[in-house]
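Thanks, everyone, for making the time this morning. I would like to walk you through one model, and I will keep to a few places in it.

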Amino acid sequence: MLHFVLRRLGITVLTMLAVSMLVFLLLEFDPGSVAVKVLGPYSSEEQRQLWMAAHGYLDPLWQRYLTWLGHVVTGDFGESIRFKVPVGEVLWPRLWNTAILAFWTFAVLIPMSLLLGVLAGMREGSRLDRAISVTSIITTSIPEFASAVFLAAIFVFGLHVLPGTSAMSSGFDPMQLVLPVMVLVLYDIGYVTRMTRASMAEVMISPYIRTAFLKGLPFHRVIIRHGLRNALIPPFTVIMLQINWLLSGVVVVEFFFAYKGFGALLLEASLNQDIYLIQGCAMVAVLVAVTTQTLADIGYTYLNPRIRLQ
């Protein structure tokens, strides 16, 4: 088991190194373009050359990469072109805002999707199963921007019970999180529910479940002690992977509700060609993605004894 964990950590480090090389080459391979983005299109060639010499952009490519990587490891991504402050001062608060949004989304999403998936999978082909499956397909088929408009029309302009933006300009307001959380849950709940339903349906026709019923064990005991634990193994991996989606895939929701999160920051950095902010966002997004994938693999071995024994 320890060997597996160390191997996964090694793969994580190698993946981060490969991604760092790719990000560096894509964004800083041409020092002249970097100087233009920082100094502006109306800067002179002499100004660009002086800037590149002062910031080490005339050094060999490998030396520039090692210097850049050392700064990244310490959390120094440079100064944002758009905000004129160190990238960390902008990046970390935005990342925390998205973490808050993700927490409340998971707090609603996970219990509801698991419950609906288990109920549907327990009696495959029943009316309840068909109703949950059809509803899940419908919700998953509606994109975030469409459900955001639909929910805003109902609760903001129709019922006047929720705010239409989530900028938190007057401090933290839990009510401003309701609509973004509703949109994210509505879009993702169908996917997790369907995965849980498929896993539960497969477990219910397993030989050990049939044996438990033949022994006369109560239905609820068979479901809770034998079926539920094994059925939740695949959804666990799926749920862990949803963290990546909630980190950088919520651009539409954050932009629609003016929520100052990580996804909106990444979009703003791209629109303004803020090269250092893009680098910081990219590296943080990949770090979270690789870390969650590693934790999912390690957690899967603990949940599945067959993999742990192998």
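I will begin with the annotated segments, then turn to one acidic residue, and finish with the aromatic rings.

What you see is a predicted model, and its UniProt entry, which is unreviewed, places transmembrane regions at residues 9–27, 99–121, 142–162, 174–192, 231–257 and 277–303. Taking two of these in the model itself, residues 99–121 are 100% helix, with their end C-alpha atoms 31 Å apart, whereas residues 174–192 are 79% helix and 0% strand, with the end C-alpha atoms 25 Å apart.

Now to E28, which lies in helix α1, residues 2–28. Which side chain of opposite charge is nearest to E28? That is R64, at 4.3 Å, and E28, although buried, has no salt bridge. The side chain of E28 does make a polar contact of 3.0 Å with that of Y57, and among the other residues that E28 touches are W68, I275, Y276 and Q279.

Y57 brings us to the rings, since a search of the whole structure finds seven aromatic pairs. One of them joins W51 and Y57, stacked at 5.1 Å centre to centre with 25° between the planes, and both of these residues are buried. In the pair of F103 and W104 the centres are also 5.1 Å apart, but the planes stand at 80°, so this pair is edge-to-face. Here F103 is exposed, at 51% relative accessible area, while W104, at 43%, counts as partly exposed. Finally, ring pairs link F24, Y65 and W68 into a cluster, and W68, as I mentioned, is also touched by E28.

Methods: Residues are numbered from 1 along each chain as its sequence is written. This is a predicted model: local features need pLDDT of at least 70, side-chain atom pairs count only at pLDDT 80 or more; totals for chains, interfaces and linings use all residues. Side-chain values use heavy atoms; hydrogens and water are left out. UniProt positions are given in the numbering used here, feature names are shortened, and annotations may be inferred rather than shown by experiment. Helices (H or I, at least four residues) and strands (E, at least two) are DSSP runs, numbered from the N terminus. Buried means under 20% relative accessible area, exposed over 50%, partly exposed in between (1.4 Å probe, protein chains only). Lys and Arg count as positive and Asp and Glu as negative; His and the chain ends are not counted. A salt bridge is a side-chain nitrogen of Lys or Arg within 4 Å of a carboxyl oxygen of Asp or Glu. A polar contact is a pair of N or O atoms within 3.5 Å; within protein, one must be able to donate a hydrogen and the other to accept it, and residues adjacent in sequence count only if both atoms are side-chain atoms. Contact means heavy atoms within 4.5 Å. Rings of Phe, Tyr and Trp (its six-membered ring) pair if their centres lie within 6.5 Å; planes under 30 degrees apart count as stacked, over 60 as edge-to-face and the rest as tilted. Lists of a residue's contacts leave out its neighbours within four places in sequence.
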